[in-house]
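Subject: Structure for your review

Dear colleague,

Please find below the structure that I agreed to pass on to you. My notes on what was found in it follow directly after it.

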Amino acid sequence: MIDTVRLNIKGGDGGNGCVSFLREKFRPRGGPNGGDGGNGGNAYVSGDSSLNTLLHLKYNSTMYVDRGGHGKGKGQRGSNGEDTYIKVPLGTVVWRMHKGGEKEFLTDVTDETPRLVAQGGAGGWGNAHYVSPTNQEPVLSQRGERGDYVVLFLELKLLADVGLLARPNAGKSTLISRCSAAKPRIADYPFTTVEPILGVVTTRGEDFVMMEVPGLLEGAHEGVGLGDQFLRHAERARLYVHVLDGLSEDPVADFHMINRELQEFNPALAHKPQIIAVNKVDVTEVQERRPDLAESLRRAAAESPVLPNGADTPIFFISAVSGEGVDPMLGQVIEMMENLAAEETEPEEELAAAAPTRPNRRRPAAEPITFYKDRGVYVIKSEQLERLSALADTRDYRVLLQLWREMTRLGIARRLEEAGIEPGDTIRIGRAEMEWF
């Protein structure tokens, strides 16, 4: 099962603005009419209930979102880039990876609402935006803004109401096949189940999702037997059915071992409600030791420092093969889930705050313009000026004059003069170099 994947996503770049002038038969000098570039497409992650693995993304891990169209003459704006929607299974956690290896939580996909993960760049302005009383013939236009580049780490944690936990070969697969239409592989040797199995259980007019977590060994939280990968899926369950093998040499020790692994992996898991189900009660040996085993388990539950119900933890003796005791156990599951639903109701304000908002094109405030001297060249760092100079023909005196006006308006010209720049010195903005005058 593919339940983790790394994605490289490039948001669409904005289209470039256009430099154009109206030229018609009776309007030979109609003025600038260069259109703006279109906005680049966004990338969204959205849930899809028909998916249960990230396999479809494993070999399609680099995505480029459509860029915006370039502006044209006659004030024609470029088309917006088409958005990209990345479908993932419900229960996928999305992290953003930073250069240092740190992960930043972005979103938890629990429904089909699209979540923005990479924003496209805004389209650049055409020369019509730069008309002023002192600049009737602007020859500058903006390059489109760059779209976001993000590296995402997707981690699937299957959504289920009830998780089946046990050591290997305790009868979990047989139990989920009896309770639901799931058809897991069943055999009389350990680790026949190597990935989580989901099944929908219908009982007493209620439906819920049951998940079989592959068998856990001691040290599972450290990765023994891939236990850390299996326990990750158990994080989503609201309560656990703790299946114990009635023929085990020491079921009580198995009970403590599983709870200890839950505690070591994530303390929140160990504090979730549990139902203890002792399997194989149809075997005479288990039937004979039933009273003593029930008392020992009740005492173990009472002594457990993590179980929320303590000595009141429900204990059932079942047979996954014959179905004995399974129906009363499922009835207890329904009752406990109803109680949990009442406790888990979130305030409306929290739900409203958690609801995704419609993304906009506003970027953070532009960083202050800076400059430094590199081997006699004054290098100016300014995204705004770089977008203007990227499309400019610096051999045209009008372009240089209008760039100088923009630098004067932004205050960088005065700072360069204070730093000692003189006519004839070279300045560099992005990839464009020009002489100062």
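In which helix does Arg-405 lie? Arg-405 belongs to helix H11, which runs over residues 397–410. Please bear in mind throughout that this is a predicted model.

May I begin with the surroundings of that residue. Arg-405 has a relative accessibility of 34%, and it therefore counts as partly exposed, since that class lies between the limits of 20% for buried and 50% for exposed. When neighbours within four places in sequence are left aside, Arg-405 is in contact with Thr-134 and Asn-135. In sequence, Arg-405 and Asn-135 are 270 residues apart, yet their C-alpha atoms are 9.7 Å apart in space. For the chain as a whole, if one takes the contacts with a separation of 6 or more, 72% of them join residues 24 or more positions apart.

Next, the overall content. The chain has 437 residues, of which 48% are buried. Its secondary structure consists of 12 helices and 18 strands.

How confident is the prediction, as an average pLDDT for the chain? The average is 84, and 88% of the residues score at least 70. Confidence is highest in strand E3 (residues 62–64), with a mean of 95, and lowest in helix H9 (residues 348–354), with a mean of 39. The pLDDT is below 50 over residues 345–362, a stretch that has 13 contacts in the model beyond near neighbours in sequence. Where pLDDT is low, the predicted coordinates should not be read in detail.

I now turn to one of the sheets. Five strands form an open sheet in the order E3-E1-E8-E5-E6, and their pairing is mixed. E3 and strand E6 (103–109) are at the edges; each has a single partner strand, so one side of each is left without a neighbour in the sheet. From one strand to the next, the twist averages 25°.

Within this sheet, strand E8 (residues 149–156) pairs in the antiparallel sense with strand E1 (residues 4–10), over seven bridges. E8 also pairs with strand E5 (residues 92–97), again in the antiparallel sense, over six bridges. Which residues stand opposite Phe-153 of E8? In one case the residue is Arg-6, and in the other it is Trp-95. Another such position is Val-151 in E8, which has Asn-8 opposite. E8 is mostly covered, with six of its eight residues buried.

Finally, helix H7 (residues 290–303) allows a simple check of geometry. At 1.5 Å a residue, its 14 residues should span 20 Å, and the C-alpha atoms at its ends are 20 Å apart, which agrees. The buried residues of H7 are Leu-293, Ala-294, Leu-297, Ala-300 and Ala-301. Why do these buried residues lie on the same side of H7? They cover an arc of only 130° around the axis, and this places them on the same side. A general rule helps to explain the spacing: an α-helix has 3.6 residues a turn, so residues three or four places apart point the same way. On the other side of H7, the exposed residues are Pro-291, Asp-292 and Glu-303. Among the elements that cover the buried residues of H7 are strand E12 (239–245), helix H4 (251–265), strand E13 (274–279) and strand E14 (315–317).

Yours sincerely

Note on methods: Residues numbered from 1 in each chain as written. Predicted model: local features only at pLDDT ≥ 70, side-chain atom pairs only at ≥ 80, totals over all residues. Heavy atoms only, no water. pLDDT = per-residue confidence, 0-100. Helix = DSSP H or I, 4+ residues; strand = E, 2+ residues; numbered from the N terminus. Contact = heavy atoms within 4.5 Å. Expected span 1.5 Å × (residues − 1). Buried < 20%, exposed > 50% of the residue type's maximum accessible area, 1.4 Å probe, protein only. Arc of directions from axis to C-beta. Pairing = 2+ DSSP bridges. Axes fitted to C-alpha atoms, helices over the stretch in contact; angles between N-to-C directions.
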